[in-house]
Amino acid sequence: MCDHQSHATHNNPYLPHPARIIRTLPQIQDHQLFQIRFEDEDMARGFAYRPGQFVMLSVIGTGEAPFSISSAPTHPGVIELCVRRIGHVTKALFALPPNALVGIRGPYGNGFPVERLQQNNLLLVAGGLGMAPLRSLLWYALDNRSKFKDVILMYGGRNPDEMLFKYELLNLIDRTDVQCLLTVDRDDSGIWKAHKGVVTMLFDHVELDPNSTYAAVCGPDVMFRFVLNELLERGFSKDRMLMSLERNMQCGVGKCGHCMIGYKYTCLDGPIFTYWDAINLQEMI
Amino acid sequence: MKMVILPKESLPEFIGHLCPFGELHVPVKVSEKSYAFGRVNDLSDIELNYTRTILPLKKYVFKPVDVMFNFCAATGYETTVEETDAKRVIFGVHPCDIHGLKILDLVFGGKYVDGYYSARRNKAAIVGMDCIPDEFCFCRSTGTDFVDTGFDLFLSDIGASYLVRVGTSLGDDMIRAADSLLREVQEQDRQAYKRRSTQRRESFQTEVQLQELPEIMDLEYDSEVWRRVGDKCLSCGTCSMVCPTCYCYAVFDELDLAGGSGRRQRRWDSCLFKDYALVAGGHNFRPDRDSRIKNRYFHKQRGFVSQHGRPSCVGCGRCKVYCLVGIDIVEVIKELRSEIRV
């Protein structure tokens with residue numbers, strides 16, 4: 001990290017670091033998990049981040065966009081981004097050849113307050129692509145298992161073919177130190193053995209102590225509202241309900257203005273907000 | 001603060017002494033009613049009797065379009081060779097615009113320092129000059145009619161002379177270079193400065209009450225005012241472009257014709273533009289004009305107060321002067337306060 005390039009990079013927060021896409025793992029229709037390794041070995045091994053943080057990924061010649069990190073910092077060496085093909089950067093990303101050179105800078109954002117979460121029960125509630133940031137927190141907790149009390153995951157998808165990390169999560173069902181509850185709205189194939197129904201239905205299967213539990217919620221708008229209501233009804237404090245928000249981001253470092261909500265920058269003050277933040281600031285949810 | 005007196009007849013010669021300190025940029029007249037900061041060949045083209053330029057000083061430190069770095073398919077991203085922007089002396093800057101720069105310093109500094117901004121900022125010497133407000137100015141209300149820092153030299157018109165305040169070590173070098181033109185402050189200068197101060201204060205025609213405005217804006221979040229202002233607004237972004245403290249930018253990649261290389265650039269953006277809060281997939285967090293113009297006011301008058309303890313408006317009046325449909329920030333605030341109904 002002492003050559004000229006690294007020095008220049010260090011001084012310019014906007015300049016992406018060279019990295020390679022070393023593996024692409026198709027997930028579901030239009031969703032892939034990209035494994036990315038920095039070219040600089042020190043960066044590859046030493047890239048420190050918190051679950052819930054994001055990076056800015058550049059596709060050379062196309063542009064840059066923010067992506068939450070799906071891997072956990074307890075698995076150093078590569079970072080993983082679970083990406084939906086939806087805009088011009090992701091379209092170009094999906095079309096890249098193997099081992100393609102990309103640019104990464106970050107990590108940015110506050111991430112989950114993991115120190116605060118420790119010694120508590122952890123409830124993760126995800127819907128759809130909301131699993132992407134929560135997977136980082138899930139593995140962080142499982143890799144630091146003794147620091148947390150009960151760990152519960154609730155994840156809902158529309159049908160078995162739309163479950164992200166399906167086999168990885170199905171493998172957690174018989175693991176005894178985590179309660180992994182997976183549900184689908186519909187299963188036409190008849191092979192789905194886990195739960196059926198909306199994700200809030202899974203609350204009937206768990207005992208939750210609102211005073212010693214933190215809930216991290218990530219998913220589509222509709223799901224958000226139902227899950228947050230469910231938690232409120234169970235007596236959760238709004239400070240113990242955490243959510244990851246999405247906004248237009250073009251710099252990641254609190255300058256370009258696009259992700260501003262009231263007086264918070266999603267990129268600096270978020271993307272993880274408590275439910276209190278969210279209702280205290282108009283426009284947030 | 002060190003102060004000296006510069007007789008008015010020596011001003012051209014004094015400006016001449018500033019030239020070794022950098023490329024001189026001064027207010028010039030560009031049309032019957034419009035002024036701009038720019039270069040002059042002849043010092044007599046300097047227009048000291050201006051109230052506001054079309055664009056504030058941000059054009060020097062935060063360029064309308066700026067190359068951030070180059071990229072190449074084979075090698076990735078590389079910083080462009082350090083752009084050696086000339087040192088500049090910007091002469092005749094009014095207090096509101098100096099405050100504008102100080103607000104931009106807050107935004108582009110912090111945890112992540114924007115090197116493109118700071119490199120140019122550090123090379124710009126500021127020679128301020130006081131002014132008499134016109135009907136659009138409300139800098140007294142925003143507390144930006146006076147500057148204590150943010151300039152190297154500051155000239156106040158006290159009749160036959162200027163009272164020159166020296167703000168920095170560089171400013172001190174400047175007056176040393178022009179030493180023969182300057183004299184010490186005398187009793188009549190002190191009296192003249194106080195008279196000037198009163199004259200400036202009494203010249204304000206526009207006043208707006210900013211106390212408790214953040215709370216009032218929260219109370220009036222769903223006010224009809226936003227619908228009416230949104231109905232008028234063209235979403236053209238002019239107010240953002242001319243604002244000394246609007247700093248939003250959009251990032252875009254420009255490819256060379258061959259396709260293998262190009263450059264990442266940024267350009268001034270406006271939160272009034274329709275695609276400002278649009279995310280991939282098509283969701284727009286502020287799809288209508290009401291919500292966008294409300295956001296602009298909230299950021300300036302409410303959000304910035306929470307972040308930095310003061311509004312980011314400096315009362316220069318540009319957004320009102322240049323708005324194509326006559327949206328008047330002072331009227332909007334007075335409406336929110338129920339002091340007037342338009």
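How many residues lie between β1(A) and β2(A) in their hairpin? Keep that question in mind as you open the viewer, and remember that this is a predicted model.

**Stop 1: a hairpin in chain A**

Select residues 17–26 of chain A, which make up strand β1, and then residues 31–38 of chain A, which make up strand β2. Here is the answer to the opening question: four residues separate β1(A) from β2(A) in the hairpin. Click on Asp30(A), which sits in the turn and has a positive phi of about 65 degrees. The two strands run antiparallel and are joined by seven bridges. To see one facing pair, show Ile21(A), which stands opposite Ile36(A) in β2(A).

β1(A) has another partner to visit. Add residues 101–108 of chain A, strand β6, which runs antiparallel to β1(A) and is joined to it by four bridges. In this pairing, His17(A) stands opposite Ile104(A) of β6(A).

**Stop 2: chain B as a whole**

Now hide chain A and look at chain B. You should be able to find twelve helices and eleven strands in its secondary structure. Turn the chain around: its C-alpha trace spans about 65 × 60 × 40 Å along the principal axes. A compact globule of 342 residues would have a radius of gyration near 20 Å, so the 22 Å of chain B agrees with that picture. Of the 342 residues in chain B, 54% are buried. If you switch on the surface, chain B has about 15200 Å² of accessible area, with 51% of it belonging to carbon and sulfur atoms.

**Stop 3: an open sheet in chain B**

Which four strands form an open sheet in chain B? Follow them in the order β5-β4-β11-β10, with antiparallel pairing. The edges are β5 (76–79) and β10 (249–255) of chain B, each of which pairs on one side only. On average, neighbouring strands in this sheet are turned by 30 degrees against each other, ignoring direction.

Zoom in on β10(B) and β11(B), the latter covering residues 261–268; seven bridges hold this antiparallel pair. Within it, Ala250(B) stands opposite Arg267(B) in β11(B). Next, select residues 115–122 of chain B: this is helix α4, which lies across β4 and β11 of chain B and runs at about 130 degrees to β4(B).

**Stop 4: two nonpolar cores**

In soluble globular proteins, nonpolar side chains tend to be buried together. The largest nonpolar core here has 50 residues, and those with the most contacts inside it are Tyr14(A), Leu57(B), Ile90(B), Ile126(B) and Tyr247(B). Helix α3 of chain B, residues 95–108, gives the most to this core, with seven residues. Show the side chain of Ile90(B) as sticks: the residues it touches include His25(B), Phe37(B), Leu57(B), Tyr60(B) and Ile126(B). A second, separate core has 38 residues, among them Val114(A), Met131(A), Leu164(A) and Cys218(A).

**Stop 5: Ile216(B)**

Finish by selecting residues 213–219 of chain B, helix α7, and picking out Ile216(B). Is Ile216(B) buried or exposed? Ile216(B) is buried, because its relative accessible area of 18% is under the 20% limit. Beyond residues up to four places away in sequence, Ile216(B) touches Leu336(B) and Arg337(B). For a last look across the chain, draw a distance from the C-alpha atom of Ile216(B) to that of Thr80(B): they are 136 residues apart along the chain and separated by 47 Å.

Definitions and conventions:
Residues numbered from 1 in each chain as written. Chains lettered and ligands numbered in written order. Predicted model: local features only at pLDDT ≥ 70, side-chain atom pairs only at ≥ 80, totals over all residues. Heavy atoms only, no water. Pairing = 2+ DSSP bridges. Axes fitted to C-alpha atoms, helices over the stretch in contact; angles between N-to-C directions. Contact = heavy atoms within 4.5 Å. Rg over C-alpha atoms; globule rule 2.2 N^0.38 Å. Buried < 20%, exposed > 50% of the residue type's maximum accessible area, 1.4 Å probe, protein only. Areas by Shrake-Rupley, 256 points an atom, 1.4 Å probe, with all protein chains shown as cover. Core = buried A, V, L, I, M, F, W, Y, C linked by side-chain atoms within 4.5 Å.
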